[in-house]
Amino acid sequence: MFDVAVIGCGVIGAAAAFELSKYQASVVVLEKENDIAMGATRANSAIIHAGYDPKPGTLMARLNVAGNAMTEQLCKDLDVPFARIGSFVLAFSEEERATVQALYERGVKNGVPGLQILSGDEVRQMDPLVSPEVVCALYAPSAGIITPWEYALAFAETAVVNGVELRRSTEVTDLKKIDGGYRIETNRGPLEARFVINAAGVQSDKIHDMAAPHAFTVIPNKGEYYVMDKSECYRAKHVLFQCPNADGKGVLITPTMDHNLLVGPNAQNISGPVNTGNTAEGMAFVRAKAAQTMPSLAYRNAIRNFAGVRANTDKDEFQIGIAAEHFIDLAGIKSPGLSSAPAIALEAVKLLNECGFAPEKKEHPVLTRRKKRFRFMSEDERQAAVRENPLYGRVICRCETVTEGEIVDAIHSPIPPCSVDGVKRRAGSGMGRCQGGFCGPRVVDILSRELNISPLSVLQDGEGSNILMSETKKEAQA
Amino acid sequence: MYDLIVVGGGPAGLAAANSAWQKGLKNILIVERDKELGGILNQCIHNGFGLHRFKEELTGPEYAARFIEMLKDTGVSVLLDTMVLEINDRHEVHVISAQNGYQVLQAKSIVLSMGCRERTRGAIGIPGERPAGVFTAGSAQRYLNLEGYMVGKRVVILGSGDIGLIMARRMTLEGAQVLACVELMPYSGGLMRNIVQCLQDWNIPLYLSHTITDIRAENGRVSHVTVHKLDENRQPIPGTNLEFDCDTVLLSVGLIPENELTRAAGIEMDPRTNGAVVYENMETSVPGIFACGNVVHVHDLVDYVSAESERAGAAAAEFVLKGQREGKALELKNGADVSYTVPQKIRADDVGKAADVFFRVRRVFKNSVIEVHDGEKLLASFKREHMAPGEMEHILLPRKILDSAQGGQITISAREA
């Protein structure tokens, strides 16, 4: 019997696992997909919010501000790309000026540091391409940008290094209360754990209902985005939000840690099966809204569209707490969930303590992680990297300058990827302007070689997403 | 110190290096990121290459082999499996390879011949899910022809660029069903001969003024594609949907010159071509740095890439041996129904008998005329029976016409005769 089972390995499950891995406890993480960070964590605005948005007194407000404060040191320790570039909430009218004022006051109550209201001209001095229509803005210097899937990988990999067991492609189908814990049914057979942590994102209401009376319903909400080429990154120096209004939170424009420009999202509740497809309407909405912030924005240099699904609920609050005996919800984690993740993880440990589980700390848990990124190395570092491993001299992804060394390292990392997109999330190959057109076949080749599998078995992403269908001239050889 | 470093060992780089050697340069290096020379030709196993250049029909690898053979009789050296990371206006070339690590090489002249890449789904924003099974035509061609794998069985092709057309036939020959070729524009972007030989001969329908409006997936793989007819504003017309059950979408929606090195070197770019602005001898805005082939503007036929690149190689030799051209530059502007010109600038004093000018028209023409104007004054006209955006046009502008231009710029335009 495990001490703790964490259900779901998005950034919340991963952060919880990392926190628990500092203790003398046996922990298993169950993830239904074939890789971690496959839900909202990999498809969002990639922002660490300052924390002026949630209503004062809510968990969302407290954990957002606390999580933001923790992010910088964590990212240094775990080698996650993060930059505190600051954000603006732009007002385009006198009515919105009042909204900005209200957000400022809310932020002050929430304890957000450094907030200021700046004039339109002051904003345009700091971000020259912002619309001349902007009358003022809330400036939040503590807002930042991050690579979200890397954040989750950093937590989960370090947890695994510390002895946490990760089971991928393992979907929880039922929970049964047994003496001293739970019997967890999965598609890969049952297991038992004394405590269960529900971090199942969009599925978190279903998992909750397996152990506790119905308390909330997830209303999946889709957001669509454009990713622009690096040549467009210069357009925004800060995160450029619009005022939240009746249509939702508005569309943002932001640079990313990979020096792309990200534009989006819309917000559309989805009924029926959850899918992350883009829609013509959603994309048109994003373009129209973004034009308000930056009239000169053009989509000639767009390199990708994507959509993510938020685990919104019928409650205007994170669903965090002890929901049943030995059962803890980290559920309904919508925005600002990414920003709050490390604080939510601390909350999970606290709740376990309240349930009577208070393990000793490990003496020497691993709390750091290092990654080699050729594209960010100096000439001397590159020379040294090639000397140490010649594969660092072979560039596989030409758009992002990712070497074979990085790809092979990723394939043999603590949570080995089993797909081309898994390699992409770890090494950065295929993220660039050709979107894997050139490097895709090479990554297939390297995965096949390193994992000793047929190229026909190599996946693009999730289960069933095989890239190649058959060998040519098979009958001629036979 | 090299006389010349050629960045890229595809057809453009090979021809440029050869030509520079013939013109007397001795210390020439080709830097190629792949493990062999030849570039994209190596995966183009269909024939039709070399009709102009060699008066015979060669496959892509055969065409490349002709030039690689020629190199053997020269002293041109080659670095394979080596990536150029940076060039600059001091003619330094930063390279990295597994064998030699990080090196900074110095050259008297540089030829940029990095070729182009394919536009992707993200560049054109096709709605729908993002499963496996959506490939650029060139990636699918690589899997099929170089690696020996089929990427799908039931295929819809978006775009009628030449690679897409070639892949329609190739996939058919390998047993796949190509259900449709769908083109946004009211005309094809590919060569007429490819429309006939790769679609019509195999009864593959071509839907002009149509596009893909939705991609659906099952189990992580493409399962269905919706296609709509478009109105004059290229908006889908409700109710015109065609539905295809398929497992694969191939994209042949345009090529983009690969100029990240060029831009980073501060070389002046032309937004019309996405390539460097070049003079009559393929020299860029940085003296001693030349560019040729698809990195300058996307060609239809490799034969013309070779010819252009030989001019670039010869010009690099002239630069090293005789020095920089100093003539006053005449600017070429695109007039009515012409989308760009290459070169963009001509130093008339340095032109021998005539200057080659390449361009594309914006629409399909029958019985038309190409005109060259100096302001209001007509300098020259050239008759054409047929012109189309998918087929690059070429005129030879005699020196005396260039000399007669007074205004510092001339305009190339097209109209019905």
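These legends describe close-up views of a predicted model.

**View 1. Strand β13 of chain B sits between two parallel partners.**
Strand β13(B) spans residues 177-183, and 5 of its 7 residues are buried. On one flank, β12(B) (residues 154-158) pairs with β13(B) in the parallel sense over 5 bridges. Leu158(B) stands opposite Val182(B) within this pairing. Between the two strands the chain passes through helix α5(B) (residues 162-173), and this β-α-β crossover is right-handed. β13(B) also runs parallel to β14(B) (residues 206-208), joined to that strand by 3 bridges. Here Glu183(B) has Leu208(B) as its bridge partner. The connection from β13(B) to β14(B) goes through helix α6(B) (residues 192-199), and this β-α-β crossover is right-handed as well. Strands of a sheet pair through backbone hydrogen bonds, either parallel or antiparallel.

**View 2. Chain B meets chain A.**
The contact draws 39 residues from chain B and 46 residues from chain A. On the chain B side, at least two residues each come from β6 (82-87), β7 (92-97), β8 (101-112), β9 (116-118), α3 (121-124), α4 (137-147) and β11 (149-150). Helix α4(B) gives the largest share of that side, 6 residues. Sorted by class, the side of chain B that touches chain A holds 14 nonpolar, 14 polar and 11 charged residues.

**View 3. Strands of the two chains pair with each other.**
Strand β23(A) covers residues 470-471. This strand runs antiparallel to β11(B), with 2 bridges joining them. Ser470(A) has Met150(B) as its bridge partner in β11(B).

**View 4. Helix α4 of chain B is mostly covered.**
Of the 11 residues in α4(B), 9 are buried. They are Ala137(B), Gly138(B), Ser139(B), Ala140(B), Gln141(B), Arg142(B), Tyr143(B), Leu144(B) and Asn145(B). These buried residues pack against elements of both chains. From chain A comes α12 (439-451). From chain B come β9, β10 (134-136), β11, α5 and β18 (248-251). Just after the helix, Gly148(B) takes a positive phi of about 80°. An α-helix has 3.6 residues a turn, so residues three or four places apart point the same way.

**View 5. Helix α6 of chain A packs against five strands named below.**
Helix α6(A) runs over residues 204-211 and is mostly covered, with 6 of its 8 residues buried. The buried residues are Ser204(A), Asp205(A), Ile207(A), His208(A), Met210(A) and Ala211(A). They pack against β1 (2-7), β10 (172-178), β12 (191-198), β19 (319-324) and β20 (327-331) of chain A.

**View 6. An open sheet in chain B has 5 strands.**
The strand order is β25-β23-β30-β27-β28 (chain B), and the pairing is mixed. β25(B) (345-347) and β28(B) (377-387) stand at the edges with a single partner strand each, so one side of each lacks a neighbour in the sheet. On average, neighbouring strands are turned by 25° against each other, direction ignored. At the β25(B) edge, β23(B) (residues 329-334) and β25(B) pair in the antiparallel sense over 3 bridges. Leu330(B) has Ile346(B) as its bridge partner there.

**View 7. Domains 2 and 3 of chain A touch.**
The domain assignment of chain A lists domain 1 (1-80 + 145-217 + 313-370), domain 2 (87-141 + 219-310) and domain 3 (374-457). The C-alpha centres of domain 2 and domain 3 of chain A lie 32 Å apart. Their contact takes 4 residues from domain 2 and 4 residues from domain 3. On the domain 2 side, these residues divide into 1 nonpolar, no polar and 3 charged.

**View 8. Glu33 of chain A lies in a loop.**
The loop in question runs between β2 (27-30) and β3 (47-48) of chain A. Glu33(A) counts as partly exposed because it has 19 C-beta neighbours inside 10 Å, while a buried residue needs 20 or more. Beyond its neighbours within four places in sequence, Glu33(A) is in contact with Met38(A), Arg168(A) and Gly462(A). Ser21(A) is 12 residues away along the chain, and its C-alpha atom is separated from that of Glu33(A) by 22 Å.

Terms used: Residues numbered from 1 in each chain as written. Chains lettered and ligands numbered in written order. Predicted model: local features only at pLDDT ≥ 70, side-chain atom pairs only at ≥ 80, totals over all residues. Buried ≥ 20, exposed ≤ 12 C-beta atoms within 10 Å, placed from the backbone. Helix = DSSP H or I, 4+ residues; strand = E, 2+ residues; numbered from the N terminus. Pairing = 2+ DSSP bridges. Right-handed = clockwise from strand over helix to strand, strands pointing away. Contact = placed C-beta atoms within 7 Å. Nonpolar A, V, L, I, M, F, W, Y, C, P; charged D, E, K, R; others polar. Axes fitted to C-alpha atoms, helices over the stretch in contact; angles between N-to-C directions. Domains from an automatic or database assignment.
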